[in-house]
Amino acid sequence: MHQGRRIEVVGIVQGVGFRPWVYRVATQLGLQGQVRNDVSGVTVEAFGEPSALDGLVQALSSDHPPAAEIRSLRWTEIPPREAAGFVIAPSLPGTGRRVSIPADLATCPACVEEIFDPSDRRHRYPFTNCTDCGPRFTIALDAPYDRPVTSMAGFVMCDACQREYDDPLDRRFHAQPNACPRCGPRLQLLDAHGRDLKSADPLHEVAAALRAGSVVAVKGLGGYHLAVDASSPEAVRLLRERKRRDAKPFAVMVRDLREARKLATISEPEAKLLESVERPVVLLRAKRARALAPEVAPDNPLVGLMLPYTPLHHLLLADVERPLVMTSANLSDEPIVFEEAEALDRLRDIADLFLTHDRPIVTRCDDSVARVVAGAPVLLRRSRGWVPRPIPLARPVARPVLACGAQLKNTFCLAAGDVAVLGPHVGDLDQLEVHRSYEESIDRMQRFLGCRPEVIAYDLHPDYASTRYALDRPEPVKVAVQHHHAHVASAIAEHHLDGPVIGVVFDGTGYGTDGSAWGGEVLVASAGAFQRCATLRPVALAGGERAIREPWRIGLALLLDAYDGDPPGLWNFPAIPEAAGVLVRQALARGVNAPKAHGMGRLFDGVGALVLGRGTSRYEGEVALAWNLAAGAGAHGRYPFGIDSRGALLELDLRPMVRALVEEHLAGVPAGHLSAKFHDTLVHATAALVGMVRERAGGFPMVLTGGCFQNARLAEGLKAALEPEGKVYLHRQVPPGDGGIALGQVMVADATTR
Ligand SMILES: [Zn+2]
Ligand SMILES: [Zn+2]
Ligand SMILES: [Zn+2]
């Protein structure tokens, strides 16, 4: 008795070897019919014995290719019909597509084996890939994802490659970027002036140049990297000089996990993250190792390591035989360079050599950055490997929404139906170059998703470039979203929470509804509304924005506030320059150019400057991070604090802590001990604050969000302290910082315009 079934699979099922896998399973079960990509995922029509059909449904729901992710699987009976075997039918083009392009996938073990096998036809071929691995998002021009609409369109497959591509039993069946040395992209070695050096073995020459201390621009998956020998202080210093980058840590690529363990202490979840298909840069505790020049991450106990994710990287690292700095190729703070002409023009004075190739990068996409917090990954930058993987929403948006994100670490978010897609990391929008890349990126993602937004969400801050962009868009419906409400809503979205939550939002700065800078907040919020229940006593930022680069100004303001204008031994703090300090003190006393800010990040800046004697930050948050990382492992203790009630709003007063901490510092207690007590105090005080809010508002689930929760000690400590009271959520899919905020903007805009 023959029966027929139509099975509809929705999720990450295109470009990940799903159809060939279905083909193999169906053929083994003796079924007839077809499988094809369509606008919403993959549809299978299968005919045969009921038991075989059951077997197929069973296989689909329990087992599938490693990079696939099934979100839903539905089947219906259809009338049986005769089919000639089982086939993979051509994709159906269409509009209103909800399936995005797949994210880029790190080279799989089978492909790595081939490129190091002298008898394989792909031996040392840097563009080897298969259905389980290779470029996807960064080479896609349009959807659905098929070779003619990728940057591989210009390469005609040779007979051998075509046979693999056409053979349903081959690992490269319908692998869109399939290529080999005969028919695929090729490497090219250029000098600093862009002249072709006609190298017979560019990888080998580049490896030699790197070992000799050169700076090489290497075209990767989502853009160019600048590479130097990470074990050579001279080479790293040279790169810093040419790139005009003082102190910001560089990411380092190592050959494999074994090499990584020589440079850093690595736990099991950290090892898994390093080896994941997304291959982010993972922040790890650095070991004192001669293989790593201190200039890679000056004055920083962490190091960002990543493993090779393209065949080119694998081959290069094997040839060089040392760790390489692999930092996004750009001038400070500009977007990553991804086009050849642009690379040659903008990197001419930085790179000695260019290792490039003729497979165009369509969309720029930086490396993602992650670390393990409370036993699981937290994304600090969500980009290559994750973008454009959709984030499923608990309920569909009423109308398509474009959320424009914040100002720093910008990402945007497009949502339609029951998914939201965050764009790649764009960077800090105050740069013109960045702004152009932002607009291009939004246009392309709209095309990929076949989605025209009807609602535009943006940050309440009137001066953000993303706000101006939102207001210039033609769509009539626009929603301004308060910064910290958006942070909380992003956690609500990713954890599918329903109803109000208590959101602890600690970050640097965000625009409050009263026009002041918030950033140490406890909100009771749902997607549609929020109430500000508690905040951190504000500190004056003498000189406004300047105080962020010169945190001694914040330290001085904290001292003056804690001691009612008369702190002990003001000039005993080496971070505070005496002459400028006198002027700033006067300005603070008169309240001139000293806006008050509630940001928790600023507290870290100010206290860190005082105790560590570091008055300036060479990059945003440097001193705050140093203060966090100074905390001694075994040290514990608490300082006193106060909680004031100002009507409905509670205010956390940390002046008693500042006084006690300063006295211990002046008495010679080491910084590691003070920082540990500082963290313990924040955990304890925040838990007390949340307890009071729960009593007043209700025992809702709790979420920890905002850039300060990249701080593992704070996040883990507070999670542990709050967990006895109820469920506590950390971010797992989107960054806790401003890189994740666009998802929350989508939620708020949708909820308030339904
Ligand atoms: Zn592969
Ligand atoms: Zn070929
Ligand atoms: Zn923020």
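What follows is a friendly chat about helix packing, domains and a few backbone details in a predicted model.

Me: Hi! Before we get into details, which domains is the protein chain divided into?
Reply: Bear in mind that this is a predicted model. The chain is split into domain 1 (3–88), domain 2 (187–365), domain 3 (370–499 + 735–752) and domain 4 (534–729).

Me: How far apart are the C-alpha centres of domain 1 and domain 3?
Reply: Those two centres are 34 Å apart.

Me: Okay, on to helices. At what angle do helix 19 and helix 20 pack?
Reply: About 165 degrees, with 11 Å between their axes; helix 19 covers residues 655–666 and helix 20 covers residues 671–697. That angle makes helix 19 roughly antiparallel to helix 20, since angles over 145 degrees count that way.

Me: Which residues make that contact?
Reply: From helix 19 you have Met657, Leu661, Glu664 and His665, and from helix 20 Leu674, Phe678 and Thr681. By class, this contact of helix 19 with helix 20 has four nonpolar, two polar and one charged residues.

Me: And is the crossing of helix 19 and helix 20 left-handed or right-handed?
Reply: Helix 19 passes helix 20 in a right-handed crossing.

Me: How many residues does helix 20 have, and how far does it reach?
Reply: Helix 20 has 27 residues and spans 38 Å from its first C-alpha to its last, which is close to the 39 Å expected at 1.5 Å a residue.

Me: What follows helix 20?
Reply: Gly698 does, and its phi is positive, near 135 degrees.

Me: Back to helix 19 for a second. How does it sit against helix 15?
Reply: Helix 15 (residues 552–562) and helix 19 cross at roughly 105 degrees, and their axes come within 9 Å. The two helices are therefore roughly perpendicular to each other. Leu558, Leu559, Asp561 and Ala562 of helix 15 make the contact with Arg655, Val658, Arg659 and Val662 of helix 19.

Me: What classes do the residues in that one divide into?
Reply: The contact of helix 15 with helix 19 divides into five nonpolar, no polar and three charged residues.

Me: Switching regions: what about helix 5 and helix 9?
Reply: Helix 5 and helix 9 (residues 311–320) pack at about 50 degrees, with axes 9 Å apart. They are therefore oblique to each other, and their crossing is right-handed. In helix 5, the residues Leu203, His204, Val206, Ala207, Leu210 and Arg211 meet Leu315, Leu316, Asp319 and Val320 in helix 9. That contact of helix 5 with helix 9 comes to seven nonpolar, one polar and two charged residues.

Me: Nice. Now some backbone geometry: what's the phi of Lys198?
Reply: Lys198 has a positive phi of about 50 degrees, although it is not a glycine.

Me: Where is Lys198?
Reply: Lys198 is in the loop between strand 6 (187–191) and helix 5 (202–211).

Me: Last one, which residues does a cis peptide bond join?
Reply: Val387 and Pro388, with omega at about 5 degrees. You'll find Pro388 in the loop between strand 16 (376–381) and strand 17 (391–392).

Note on methods
Residues numbered from 1 in each chain as written. Chains lettered and ligands numbered in written order. Predicted model: local features only at pLDDT ≥ 70, side-chain atom pairs only at ≥ 80, totals over all residues. Axes fitted to C-alpha atoms, helices over the stretch in contact; angles between N-to-C directions. Helix = DSSP H or I, 4+ residues; strand = E, 2+ residues; numbered from the N terminus. Parallel < 35°, antiparallel > 145°, perpendicular 65-115°, else oblique. Left-handed = near helix turned anticlockwise from the far one by under 90°. Contact = placed C-beta atoms within 7 Å. Nonpolar A, V, L, I, M, F, W, Y, C, P; charged D, E, K, R; others polar. Domains from an automatic or database assignment. Expected span 1.5 Å × (residues − 1).
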